[in-house]
2 protein chains.
Amino acid sequence: MRPTQALRLWQQVALSEVQGNMPDLSMRQMAILLTVYLDPPPHTVRGLAGQLGVTKPVITRALDTMGALNLVTRHRDEQDRRNVLVRRTVEGALYVERFGDAIIAGARELPI
Amino acid sequence: MRPTQALRLWQQVALSEVQGNMPDLSMRQMAILLTVYLDPPPHTVRGLAGQLGVTKPVITRALDTMGALNLVTRHRDEQDRRNVLVRRTVEGALYVERFGDAIIAGARELPI
DNA sequence: CCCTATCATAACGCCTCCGAAACGATTTTC
DNA sequence: GAAAATCGTTTCGGAGGCGTTATGATAGGG
């Protein structure tokens, strides 16, 4: 893959997301969402903050927003009730799956 | 490219952007930026709004923000002074180039 | 000319987000 | 059991975003 192709791919996918009236997630929110859905659980606020190199309130706010969109849910960790565990949802799984398809579709449209 | 690989690629790139303290652009802003830098000029507010399927104020605000980041500039169209032409900047070109490199780097780290 | 169409932006009220600091709740340490 | 450490959230003022609805500037047709 060459740089021009890579950028075209990103543009195609971004355009299809915007045109499709999908929620306008920021790069941070996307990083959180994909990490929750691709990396093995459990996912805590602190763990996500460390992995992304951001402060905990950033994660809390992103979870607020994505929770309102039903893309993730929060649950207390019953082993250590200070922790909050981020869990996947059916809607979130569908969203991520559909997003993966959009990337594939964008890749197919690339000029050789 | 399989769906899992595509999503992993997106995650890698999003993580590297977030970890690198790059400006946290939304999907809309990214779509605008890449369109300005990949598609041939001229680029007008109306044209971008039509291509993305959003209202014109959305474009105006995105240009405000990305202009403050020196990623694009605005100039009156002297042929038709109602129009505003969006132009590329040196900083923006560097940003886009570096972003393309980040995608390439993310692709290299993908599991087979 | 003037009247309408078109362009981009500004104004409005509301929501999200920022970093830093403070907060309650819970666990661990001594 | 009191004190310290840890966890996530809330608060603060300030900034940017949203959609909708005006507004000002320019262009063009009758």
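Two helix axes count as roughly perpendicular when the angle between them is 65 to 115 degrees. Keep that range at hand for the exercises below, which work through a predicted model.

**Exercise 1. Describe the overall make-up of chain A.**

Step 1: start with the elements. Chain A has five helices and three strands, and along the sequence they come in the order α-α-β-α-α-β-β-α.

Step 2: look at the extent. Taken along the principal axes, the C-alpha atoms fill a box of roughly 55 × 25 × 20 Å.

Step 3: turn to burial and contacts. Of the 112 residues in chain A, 37% are buried. Among contacts in chain A with a separation of 6 or more, 50% join residues 24 or more positions apart.

**Exercise 2. Find how α5(A) is oriented relative to α1(B), and which residues meet there.**

Step 1: get the geometry. The axes of α5(A) and helix α1 (residues 3-19) of chain B come within 8 Å and cross at roughly 95°.

Step 2: apply the range. An angle of 65 to 115 degrees counts as roughly perpendicular, and therefore α5(A) and α1(B) are roughly perpendicular to each other.

Step 3: list the partners. From α5(A) come A:V96, A:G100, A:D101, A:I103 and A:I104, and these meet B:P3, B:A6, B:L7 and B:W10 of α1(B). By class, this contact holds seven nonpolar residues, one polar and one charged.

**Exercise 3. Repeat the analysis for α2(A) and α5(A), inside one chain.**

Step 1: the axes of helix α2 (residues 27-38) of chain A and α5(A) come within 11 Å, crossing at roughly 105°.

Step 2: that crossing makes α2(A) roughly perpendicular to α5(A).

Step 3: on the α2(A) side, A:L33, A:L34 and A:Y37 take part, and they meet A:G92, A:A93 and A:V96 of α5(A). Five residues of this contact are nonpolar and one is polar, with no charged residues.

Step 4: link the two exercises. A:V96 takes part in the contact with α2(A) and also in the contact with α1(B).

**Exercise 4. Decide whether α1(A) is enclosed or open, and say what covers it.**

Step 1: check the helix itself. Helix α1 (residues 3-19) of chain A has 17 residues and reaches 24 Å from its first C-alpha to its last, close to the 24 Å expected at 1.5 Å a residue.

Step 2: consider burial. Because 12 of the 17 residues of α1(A) are buried, this helix is largely enclosed by the rest of the structure. The buried residues include A:L7, A:W10 and A:V13.

Step 3: identify the cover. It includes α5 (90-108) of chain A, along with α2 (27-38), α3 (45-52) and α5 (90-108) of chain B.

Step 4: place α1(A) in the interface between the chains. Here 31 residues of chain A are in contact with 31 residues of chain B. On the chain A side, α1(A) gives the most, with 11 residues. That side has 20 nonpolar, six polar and five charged residues.

**Exercise 5. Characterise the protein surfaces near the two DNA strands.**

Step 1: begin with DNA strand C. It is surrounded by 26 residues, the closest being A:T65, A:R81, B:T44, B:V45 and B:R46. With seven residues, α4(A) gives the most to this surface. The classes are nine nonpolar, six polar and 11 charged.

Step 2: go on to DNA strand D. Around it lie 25 residues, and the closest are A:T44, A:R46, A:T60, B:T65 and B:R81. Here the largest share, seven residues, comes from α4(B). The surface divides into nine nonpolar, five polar and 11 charged residues.

**Exercise 6. Pick out the unusual backbone geometry.**

Step 1: recall the background. Most residues other than glycine have a negative phi, and most peptide bonds are trans.

Step 2: look for cis bonds. The bond from A:P41 to A:P42 is cis, with omega near 5°, and A:P42 sits in the loop between α2 and β1 (43-44) of chain A. In chain B, the bond from B:P41 to B:P42 is cis, with omega near 5°.

Step 3: look for positive phi. A:N21 is not a glycine, yet has a positive phi of about 55°; its place is the loop between α1 and α2 of chain A. A:N21 counts as exposed because it has 9 C-beta neighbours inside 10 Å. B:N70, likewise not a glycine, has a positive phi of about 60°. With 13 C-beta neighbours inside 10 Å, B:N70 counts as partly exposed.

Technical notes. Residues are numbered from 1 along each chain as its sequence is written. Chains are lettered from A and ligands numbered from 1 in the order in which they are written. This is a predicted model: local features need pLDDT of at least 70, side-chain atom pairs count only at pLDDT 80 or more; totals for chains, interfaces and linings use all residues. Helices (H or I, at least four residues) and strands (E, at least two) are DSSP runs, numbered from the N terminus. The expected span of a helix is 1.5 Å times one less than its number of residues. A residue is buried if 20 or more other C-beta atoms lie within 10 Å of its own, exposed if 12 or fewer, and partly exposed in between; C-beta atoms are placed from the backbone. Two residues are in contact if their C-beta atoms, placed from the backbone, lie within 7 Å. Axes are lines fitted to C-alpha atoms, for helices over the stretch in contact, and angles run from 0 to 180 degrees between N-to-C directions. Angles under 35 degrees count as roughly parallel, over 145 as roughly antiparallel, 65 to 115 as roughly perpendicular and the rest as oblique. Ala, Val, Leu, Ile, Met, Phe, Trp, Tyr, Cys and Pro count as nonpolar, Asp, Glu, Lys and Arg as charged, and the others, Gly among them, as polar. A residue is near a molecule or strand if its C-beta atom, placed from the backbone, lies within 6 Å of it.
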